[in-house]
Amino acid sequence: MTWTRSSESDKDSGPTTTTGGGAARGRTEMRVIVPLQGLVQGSGGLVLGSVIPCALFYLLQLYFKRHRSEPTPPPPSPKLTEVSELHRSLSRAHLSGRGSSAPACVSSRANSIVKSGDSPYHVGLKRVSEDPYDELSNPDGVIQLGLAENKFSLDLARDWFAENAKDSILSGGGSSGPLSMGRIANYQPSDGLVELKVAVGGFMSQAIERSISFNPSQMVLVAGATPAIEILSFCLADTGNAFLVPTPYYPSFDRDLKWRTGVEIIPVPCRSADNFNISLSSLDLAFDQGKKRGLKVRGIVISNPSNPVGNLLSREMLYSLVDFAREKNIHIISNEIFAGSTHGSEEFVSMAEIIDSEDLDRDRVHIVYGLSKDLCLPGFKVGVIYSSNENVLAASKKLSRFSSISAPTQCLIISMLTDIRFMQKFIQTNRERLRRMYITFVAGLKQLGIECIQSSGGFYCWADMRGLIRSYSEKGELELWNKLLNIAKINVTPGSSCHCIEPGWFRCCFTTLTENDIPVVMERIRKVSETCKSP
């Protein structure tokens, strides 16, 4: 709709319309607008045209403000009221109403370890640590026969350290020279210094008294034999896979092989009738039983010399084990940490010699060694992984970052192992002392009517105490163990901790003793044995 005006004299006659839409809508709009137009076009119309709309807007705002309902204020929070009444001196723990009272959780892996409990082997070790025997200061304490630790050759190592330790560490492993802080303070390869690998390889050849060399490039050094075994377990098997382990075996294999890898152990029973030697038929039966249980067998773990029995694996048996591993397409871990601690006339043969003698499948054979036994230095934590498998070596080198040997320790051991004259004297003297102590200890047990399996290696004897247990069972064995520990105050390792299937066998470590201690041990065992004999 368009509005027009012809002349000023026509202003009272109203507007003329040209209709493009409905006439009714035009008439309604005219009634609203005409009064305002008259006011605006009159005297002072410009001012009124501006003031009136503003006044109307102001009046509407005032009206709505007076008639608008006020919102109801929310009720006060009871928590805020309580907090406002608290004194500032109260603990922050009292102010927190949002925290959960549930305990902090750990992983299921950690819980399984915590709840697994300790075997008698570990219970005995703890008991000794709480009340250790000493000939002068604590003659009524517990005598340690449960730990394979060589103390009677420590004097040789002590004398060498007293003379050479300072120069060996500060010179970075050299026999002499200027201070080398970079060598002992800076980062070093986590898998061990090359010089130490060369030195350890030379010592291994000396210790086993065989014309065999160990290649440093096939060696990974870690902080002890325990991480060496665990790393190999990690590299060779997945969680839920299994290893065949002839029994009786070292009690801590249950931890070393299984705890962090999730690998299972299938025990392979060995019997006293066979002098507790490995049987291929038993291995084959255990392998088949593992398959029936749905377990994928990934390898065999052997100890040579055996722990806890102390017998040595023959050359023929080692060849048979390699053939068995090839047939089943599995690996072999050969634990040889007592290789230089033999004391009999029987020949020790390393698995390294077997795989070097012929063109055998070397990629499936892996050797574990360490300096804790043969060099009497368990506190220095030097372990060895020796393998020809490139993938195992590559993975082990990367995993060694979690268990590397300290640089000062490596420098000190390099100097010791490269002291040829000292090492020759040490190996010879240690073996002589070991042989003499073994003969003396076994003879003392024999006088009490306790026989031992004939052994040629290790720091222990495997004693037959079946005649002293009241019932031929694990319960009867543990009753005797408890008497020895708490009445005689002697810590020995029961066969059940080693998964021996025949009750009544005990491992007795004699290298923690002096010659003066042996009569004390025998007298304590005698008193217990008399209470166990039938009237």
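**Close-up views of a predicted model**

**Figure 1. Tyrosine 472 and the residues it touches.** Leaving out residues up to four places away in sequence, tyrosine 472 touches Arg466, Glu502 and Pro503. Keep in mind throughout that this is a predicted model. You'll find tyrosine 472 in the loop that runs between β12 (460-464) and α18 (474-486). Is tyrosine 472 buried or exposed? Its relative accessible area is 53%, and the cut-off for exposed is over 50%, so tyrosine 472 counts as exposed. Look also for glycine 504: it sits 32 residues from tyrosine 472 along the chain, yet their C-alpha atoms are separated by 7.4 Å.

**Figure 2. Glutamate 502, a buried loop residue.** This view stays with one of the residues that tyrosine 472 touches. Glutamate 502 belongs to the loop between β14 (493-494) and β15 (505-509). Its relative accessibility is just 10%, and buried means under 20%, so glutamate 502 counts as buried. Which side chain makes a polar contact with the side chain of glutamate 502? That would be serine 272, at 2.7 Å. If you set aside neighbours within four places in sequence, the residues in contact with glutamate 502 are Arg271, Ser272, Phe276, Arg466, Tyr472 and Glu477. Arg466 turns up again here: it is touched by tyrosine 472 and is in contact with glutamate 502.

**Figure 3. Two residues with a positive phi, lysine 381 and histidine 499.** Some background first: most residues other than glycine have a negative phi. Histidine 499 isn't a glycine, but its phi is positive, at about 60°. It shares a setting with glutamate 502, since histidine 499 also lies in the loop between β14 and β15. With a relative accessible area of 29%, histidine 499 is partly exposed. Now for lysine 381, again not a glycine, with a positive phi of about 55°. Lysine 381 is part of the loop between β9 (365-370) and β10 (383-387). Its relative accessible area is 47%, which makes lysine 381 partly exposed too.

**Figure 4. Two cis peptide bonds, each leading into a proline.** Most peptide bonds are trans. Here, though, the bond from threonine 247 to proline 248 is cis, its omega being near 0°. Where does proline 248 sit? Proline 248 is in the loop between β5 (242-247) and α11 (253-256). The other cis bond in this view goes from asparagine 304 to proline 305, again with omega near 0°. Proline 305 has its place in the loop between β7 (297-303) and α13 (315-328).

**Figure 5. Helices α9 and α17 packed together.** Two packed helices are described by the angle between their axes and the distance between the axes. For α9 (residues 194-208) and α17 (residues 420-447), the angle is about 40° and the axes are 11 Å apart. Angles under 35 degrees would count as roughly parallel, so α9 and α17 are oblique to each other instead. Their crossing is right-handed. Which residues meet where these helices pack? From α9 come Phe203, Gln206 and Ala207, and from α17 come Met423, Gln424, Ile427 and Arg431. Sorted by class, this contact has 4 nonpolar, 2 polar and 1 charged residues.

**Figure 6. Stepping back to the chain as a whole.** How many helices and strands are there in the chain? You can pick out 19 helices and 15 strands. Of the 535 residues, 45% are buried. Among contacts between residues at least 6 apart in sequence, 74% join residues at least 24 apart.

Technical notes: Residues numbered from 1 in each chain as written. Predicted model: local features only at pLDDT ≥ 70, side-chain atom pairs only at ≥ 80, totals over all residues. Heavy atoms only, no water. Axes fitted to C-alpha atoms, helices over the stretch in contact; angles between N-to-C directions. Helix = DSSP H or I, 4+ residues; strand = E, 2+ residues; numbered from the N terminus. Parallel < 35°, antiparallel > 145°, perpendicular 65-115°, else oblique. Left-handed = near helix turned anticlockwise from the far one by under 90°. Contact = heavy atoms within 4.5 Å. Nonpolar A, V, L, I, M, F, W, Y, C, P; charged D, E, K, R; others polar. Buried < 20%, exposed > 50% of the residue type's maximum accessible area, 1.4 Å probe, protein only. Polar contact = N/O pair within 3.5 Å; in protein donor to acceptor, adjacent residues only side chain to side chain.
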